[in-house]
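Here is a set of questions about how the descriptions of one model are reached, each followed by its reasoning.

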Amino acid sequence: MIATGSINCPKCGHAQEERLDCRKCGVVFSKYYALHPPGRLDIAGVAEESSVKKPSEPDQATVISDLQQQVRELSARFAEIEFEKAERSQLRTDLKNLDRRLQDMLDRMALQLEQFESGLRSRLPRRQSTNRVFICLRSLND
Ligand SMILES: [Zn+2]
């Protein structure tokens with residue numbers, strides 16, 4: 001009788017003769033079957049699982065794709081900002097270099113001008129230079 005009339009507890013799976021409640025876990029089968037219709041138990045379990053998963057799966061996918069989109073946008077913006085920053089710092093460096101070179105040139109020119117002026121003053125006194133101009137003018141007239 002036990003073998004033919006035996007059932008497995010729908011909750012814990014304990015094999016036992018047909019009775020109203022589980023000998024092992026004490027669940028009342030009728031109550032359990034009311035909550036979990038027999039025969040559809042496995043399907044219901046799967047359906048339940050999948051029905052839990054199904055709404056959450058697209059949600060998760062949506063959330064993930066939203067996040068990915070946000071990450072992509074953020075990283076694109078970040079790259080733009082980085083590029084602008086790099087461009088700006090490059091420009092700043094270029095400007096600094098140009099400024100430094102210009103300053104160097106000005107310093108050198110000022111120094112050369114100073115040397116030239118002092119050279120002129122020492123080597124070419126005013127009278128001599130004017131004499132030369134007179135010589136040049138005379139040679140033109142001749
Ligand atoms: Zn049981």
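Q: What is the mean pLDDT of the protein, and how many of its residues, in per cent, reach 70 or more?
A: This is a predicted model, and its mean pLDDT is 78, with 69% of the residues at 70 or more.

Q: Where in the protein is confidence lowest, and where is it highest?
A: On the scale from 0 to 100, helix H1 (residues 2–5) has the lowest confidence, with a mean of 55, whereas E2 has the highest, at 92.

Q: What makes up the secondary structure of the protein, and in which order do the elements run?
A: There are four helices and two strands, and read from the N terminus the order is α-β-β-α-α-α.

Q: Where is the place of Arg 23?
A: Arg 23 sits in the loop that lies between strand E2 (15–17) and helix H2 (29–35).

Q: Why is Arg 23 called exposed?
A: Arg 23 has 12 other C-beta atoms within 10 Å, and a residue counts as exposed if that number is 12 or fewer, so Arg 23 is exposed.

Q: Which residues is Arg 23 in contact with, leaving aside its neighbours within four places in sequence?
A: Contact requires C-beta atoms within 7 Å, and beyond those neighbours Arg 23 is in contact with His 14 and Gln 16.

Q: How many of the 142 residues in the protein, in per cent, are buried?
A: Buried residues, those with 20 or more other C-beta atoms within 10 Å, make up 1% of the 142.

Methods: Residues are numbered from 1 along each chain as its sequence is written. This is a predicted model: local features need pLDDT of at least 70, side-chain atom pairs count only at pLDDT 80 or more; totals for chains, interfaces and linings use all residues. Two residues are in contact if their C-beta atoms, placed from the backbone, lie within 7 Å. pLDDT is the predictor's confidence in each residue, from 0 to 100.
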